[in-house]
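Visitor: Hi, I have a new model open and would like to walk through it with you. Could you put it up on the screen?
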Amino acid sequence: MQHKLLVGTRKGLLIMSRDGADWTVESAHFEAIPVVYAFRDKRTDTIWVSLDHGHWGGKLHRSRDGGATWEEVEAPKYPEGDTVPPDFSVPAKTNYIWLIEPGGVDEPQRLYVGTDPGGLFLSDDGGDSFQLVETLWNHHSNTHWFGAGRDHPGVVTIQVDPRDSRCVTVGISVGGVYVSQDGGETWEARNRGLFADYLPDNYAEFGHDPHIILASPSNPDVLWQQNHCGMYRSADGGRDWQDISDKNGGPAGFGFALAVDEQDERVAWVAPAVSAEYRVPVDRALVISRTEDGGETWQDLRDGLPQEHCYDLIFRHALDKRGDALAFGTTAGNFYVSDDRGDHWRCLTHNLAVVYSVRFM
Amino acid sequence: MAQVKFTPNLKRFFPDLCECRIDAADVAEIVVAVDQRWRGLADYIIDEQGALRKHVNIFVGDELLRDKQTLSDRVSADTKIYIVQALSGG
């Protein structure tokens, strides 16, 4: 059982800790400031936080002492004169820092940052400075990228292969899945099998909307993707995707959040909603769906979750798993945990602000 | 030298921020100058392309800044500059 959680909300960061069966808020940070993403880099025991100041822009902060003190580092910046795809009429600037991800264990100074309007940045000095990954930003397919929910495309997923740090998978929403096998020098789009109901060519090479992608730690060739148009799984690093949305009438299909099992490449959890047009829980009942057979079948886990008049959504980075524990926070400020892989849930609080990010430390 | 004042809200991030006087020809030069004194302050006022952030206002005298892209509004020795947040949020 993991004992600490980082919870990023619209009104600040909470560090929650577990004492026996109880979870309590150990400390609160960045009060009243939207915290987009927070995670602990195990390689360097550093907590990283992305802020979205309403007035002052997106910022990055880090703490090397478990949250006792914080240091602001210079946020990623787009080069002078760069413009935003797909029409290149708007100057490029860091509107929003979607997430921060560590590089491989063999490159402890490397960090990746995903931003709106679609730029991936990397640092090789522990986050002291960031450079735009021009090879992806200038990819020939970027005329097929566009915004969804926000005005501009965003890098919302970054996955580094634990077997080979040069292999990096990136999800651009909207743009699709891109993989580099040479540390970011070249990028290949991997969207075969994905369906996009909003494109003239539903199976286009580019322009797909991966809300989130996660690799199975036990077999990183297995990628899971909660897409705008369904749930997908790939057994070959994203070269081919299979639609694993629930074919039996269950809710798994549309959604944002995703968690995968550390030990079993067939097991994952999603947080379904009705559809892009109806962004509410299916039948107004909160459910987490779990597959234990690679998406062949899904179980709906409802014990302890509200089953009527519920309007909570779970954002893409607001569900996490560690061991048998799962935790998620919602757009309505509710926070739930499970100690048994989602079979039973309990609510820790109804009173948070919108939850953007949940990560076990 | 132009007189520059800031919203007190910026003191949360720059605790020793205070009113100052700066010799500058335009507002862009003022932003450069205050950033030299309070390192990183410019990033709170303008984006990386030099444009005023969407939810920040700068008053030049009693008038709102006109050139929000390059901050070329001229200032003189007796100009008062006030850097504030826009009335937006939630």
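Visitor: Thanks! How many cavities of 30 Å³ or more does the structure hold?
Guide: This is a predicted model, and it holds 1 cavity of 30 Å³ or more.

Visitor: How much space lies in that largest cavity?
Guide: About 50 Å³.

Visitor: And which residues line it?
Guide: The lining of the largest cavity is A:Gly255, A:Phe256, A:Ala271, A:Pro272, A:Ala273, A:Leu286, A:Asp312, A:Leu313 and A:Ile314. Two or more residues come from each of β20 and β21 of chain A. The largest share is that of β21(A), with 3 residues.

Visitor: How does that lining divide into nonpolar, polar and charged?
Guide: There are 7 nonpolar residues, 1 polar and 1 charged.

Visitor: OK, on to pockets. How much space is in the second largest one?
Guide: The second largest pocket has about 1300 Å³. Its lining has 49 residues, and the closest to the centre are A:Lys42, A:Glu101, A:Gln159, A:Val160 and A:Pro217.

Visitor: Which elements give two or more residues to that lining?
Guide: They are strands of chain A: β4, β8 (96-102), β12 (154-160), β16 (210-216), β17 (219-227), β20 (254-260), β24 (319-322) and β28 (355-360). By class, the lining of this pocket has 25 nonpolar, 9 polar and 15 charged residues.

Visitor: You mentioned β20. Where does A:Gln263 lie?
Guide: A:Gln263 is in the loop between β20 and β21 (268-273) of chain A.

Visitor: Buried or exposed, that A:Gln263, and why?
Guide: A:Gln263 counts as exposed because its relative accessibility is 68%, and the cut-off for exposed is over 50%. A:Gln263 and A:Ser216 are 47 residues apart in sequence, with their C-alpha atoms 8.0 Å apart in space.

Visitor: Back to β4 of chain A for a second. Which sheet is it in, and in what order do the strands run?
Guide: That one is an open sheet of 4 strands, ordered β4-β5-β6-β7 in chain A, with antiparallel pairing. β4 (35-41) and β7 (71-73) of chain A are the edge strands, each pairing on one side only. From one strand to the next, the twist averages 25°.

Visitor: How many bridges join β5 to β6 there?
Guide: There are 7 bridges between β5 (residues 46-53) and β6 (residues 57-63) of chain A, and the two strands run antiparallel. In that pairing, A:Trp48 stands opposite A:Arg62 in β6(A).

Visitor: Let's switch chains. What is the mean pLDDT of chain B?
Guide: Chain B has a mean pLDDT of 93, and 97% of its residues reach 70 or more.

Visitor: Where in chain B is confidence lowest, and where highest?
Guide: Confidence is lowest in β4(B), at a mean of 89, and highest in helix α1 (residues 27-37) of chain B, at 98.

Visitor: Which strands does β3(B) pair with?
Guide: β3(B) is joined to β5 (residues 80-85) of chain B by 5 bridges, and to β4 (residues 63-64) of chain B by 2 bridges. Both pairings are antiparallel. B:Val60 has B:Ile81 in β5(B) as its bridge partner, while B:Phe59 stands opposite B:Leu64 in β4(B).

Visitor: What do β3(B) and β4(B) form together?
Guide: They form a hairpin with 2 residues between the strands, and B:Gly61 in the turn has a positive phi of about 65°.

Visitor: And is β3(B) mostly covered or mostly open?
Guide: Mostly covered: of the 5 residues in β3 (residues 56-60) of chain B, 4 are buried.

Notes
Residues are numbered from 1 along each chain as its sequence is written. Chains are lettered from A and ligands numbered from 1 in the order in which they are written. This is a predicted model: local features need pLDDT of at least 70, side-chain atom pairs count only at pLDDT 80 or more; totals for chains, interfaces and linings use all residues. Side-chain values use heavy atoms; hydrogens and water are left out. Two strands pair if DSSP finds at least two bridges between them. Axes are lines fitted to C-alpha atoms, for helices over the stretch in contact, and angles run from 0 to 180 degrees between N-to-C directions. On a 1 Å grid over the protein atoms alone, a cavity is a set of points where a 1.4 Å probe fits but cannot get out, and a pocket is an open set with protein on both sides within 12 Å along at least five of seven lines; lining residues have an atom within 4 Å of a point. Grid points are joined across faces, edges and corners, and a volume is the space filled by probe spheres set on the points. Ala, Val, Leu, Ile, Met, Phe, Trp, Tyr, Cys and Pro count as nonpolar, Asp, Glu, Lys and Arg as charged, and the others, Gly among them, as polar. Buried means under 20% relative accessible area, exposed over 50%, partly exposed in between (1.4 Å probe, protein chains only). pLDDT is the predictor's confidence in each residue, from 0 to 100.
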